[in-house]
Amino acid sequence: MDLLNAFVTLANFVIVPATAYGAQLALGALGVTLIYGILRFSNFAHGDTMAFGTMVVILGTWGLQAAGVSAGPLPTALIALPLGIAATALLMLGTDRVVYRFYRAKKAVPVIFVIASLGVMFITNGLVRFVIGPDDQRFADGARFLISARDFRDMTGLDEGLAIRSSQALTVVVAVIVVAALFWFLNRTRTGKSMRAYSDNEDLALLSGIDPERVVVITWLIVAALATVAGTLYGLDKSFKPFTYFQLLLPIFASAIVGGLGNPLGAIAGGFLIAFTEVTITYPLKKVLEYALPEALEPEGLVQLLSTDYKFAVSFVILLVVLLFRPTGLFAGRSV
């Protein structure tokens, strides 16, 4: 019974939150890795692109709520999600036309694109703060829990309860659908195969008649959808604050690089690796160990390796270790 309580406690505070967080990071890292694999530069504006898309979804949600529209037990944000994707797509296509297309025509080196993306990042961040403000914003509709800790205890008779929020379950379900759709698109459709061919060998793709501008447009559209979905799921699960999305850039890039920058499968694996490591290291394991260990070995302290205030440092350390010992990542090579 004590081992079951230990597992339930671990699941409640580590496994379930880390799974949802890992899905959010994986979707964010997929956007980064697609841009790197196809457009061949690291887009440092991705975190603020997520913030922009989420901001539009929040504004759309408020408008729908004011009009009395809801999705029942599901968040109204799901109805507003297409609006956020469309607005983000327009932003990214406009940015590409105004900024990145010029450098592509000049055949600028990748570092120029990176510097340009930094400028886009600051502008987008300022725009989001100007429109919605710098404070926390929360989605306040839909069912809060699929199962509450009290209901779980009543059903099982255990001392510890397991609570699963609807936003956590929704995150996993939506992430699975989005990832499956993306892999189907890249591997089964003619357009997806063109994108992969362009990524593998740009010159050969051009000789084969592939339109590079069409590939660029479709890439930005897919990345806009991934960024908006990832940002909205993160906001539903936690809260929306522009600066938080700026901070998310580190674990998202760490996820992409740890998995192998440019490799979609690696981005997913890296996202979950970063998430589980962050959550495990910053959670006080005292209660879990009290159930799992004999009384004589029970710890006196919290057994918290790192404060939650420094959780993003975990991403940095993992990134540093991977760059030192396996710089190509877990799934080596650029392979969209």
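## A cluster of aromatic rings

In this predicted model, the residues F41, Y100, F102, Y103, F113 and W220 are joined into a cluster by ring pairs. Across the protein, the count of aromatic pairs comes to 13.

Within the cluster, the ring centres of F41 and Y100 are 5.1 Å apart and the ring planes meet at 40 degrees, so this pair is classed as tilted. F41 sits in the loop between α1 (2-39) and α2 (46-66), whereas Y100 belongs to helix α3 (residues 77-105), so the pair ties together parts that are 59 residues apart in sequence. F41 and Y100 are both buried.

## The pair between α3 and α4

A second contact of rings in the cluster involves Y103 and F113, whose centres are 6.1 Å apart and whose planes stand at 65 degrees; because planes over 60 degrees apart count as edge-to-face, the pair receives that label. Y103 lies in helix α3 and F113 in helix α4 (residues 110-132), and this pair links distant parts of the chain, with the two positions 10 residues apart in sequence numbering.

Which of the terms buried, partly exposed and exposed applies to Y103, and which to F113? Y103 has a relative accessibility of 26% and therefore counts as partly exposed, while F113, at 6% relative accessibility, counts as buried.

## Overall fold and dimensions

The secondary structure of the protein consists of 14 helices and 2 strands. Its radius of gyration is 21 Å, close to the 20 Å that the globule rule gives for 336 residues, so the protein is as compact as a globular protein of that length. Taken along the principal axes, the box filled by the C-alpha atoms is roughly 70 × 55 × 35 Å.

Of the contacts in the protein with a separation of 6 or more, 76% are accounted for by residues 24 or more positions apart. The Y100 ring pair with F41, which connects parts 59 residues apart in sequence, can be read alongside that figure.

## Burial, surface and charge

Buried residues make up 48% of the 336 residues, and F41, Y100 and F113 are among the residues classed in this way. The area that the protein exposes is about 15,900 Å², of which carbon and sulfur atoms supply 66%.

With regard to charge, the protein carries 24 positive and 22 negative side chains, and the centre of the positive set lies 13 Å from the centre of the negative set.

Technical notes: Residues are numbered from 1 along each chain as its sequence is written. This is a predicted model: local features need pLDDT of at least 70, side-chain atom pairs count only at pLDDT 80 or more; totals for chains, interfaces and linings use all residues. Side-chain values use heavy atoms; hydrogens and water are left out. Helices (H or I, at least four residues) and strands (E, at least two) are DSSP runs, numbered from the N terminus. The radius of gyration is taken over C-alpha atoms; the globule rule is 2.2 Å times the number of residues to the power 0.38. Buried means under 20% relative accessible area, exposed over 50%, partly exposed in between (1.4 Å probe, protein chains only). Contact means heavy atoms within 4.5 Å. Accessible areas come from the Shrake-Rupley method with a 1.4 Å probe; for residues, only the protein chains shown count as cover. Lys and Arg count as positive and Asp and Glu as negative; His and the chain ends are not counted. The place of a charge is taken as NZ of Lys, CZ of Arg, CG of Asp or CD of Glu. Rings of Phe, Tyr and Trp (its six-membered ring) pair if their centres lie within 6.5 Å; planes under 30 degrees apart count as stacked, over 60 as edge-to-face and the rest as tilted.
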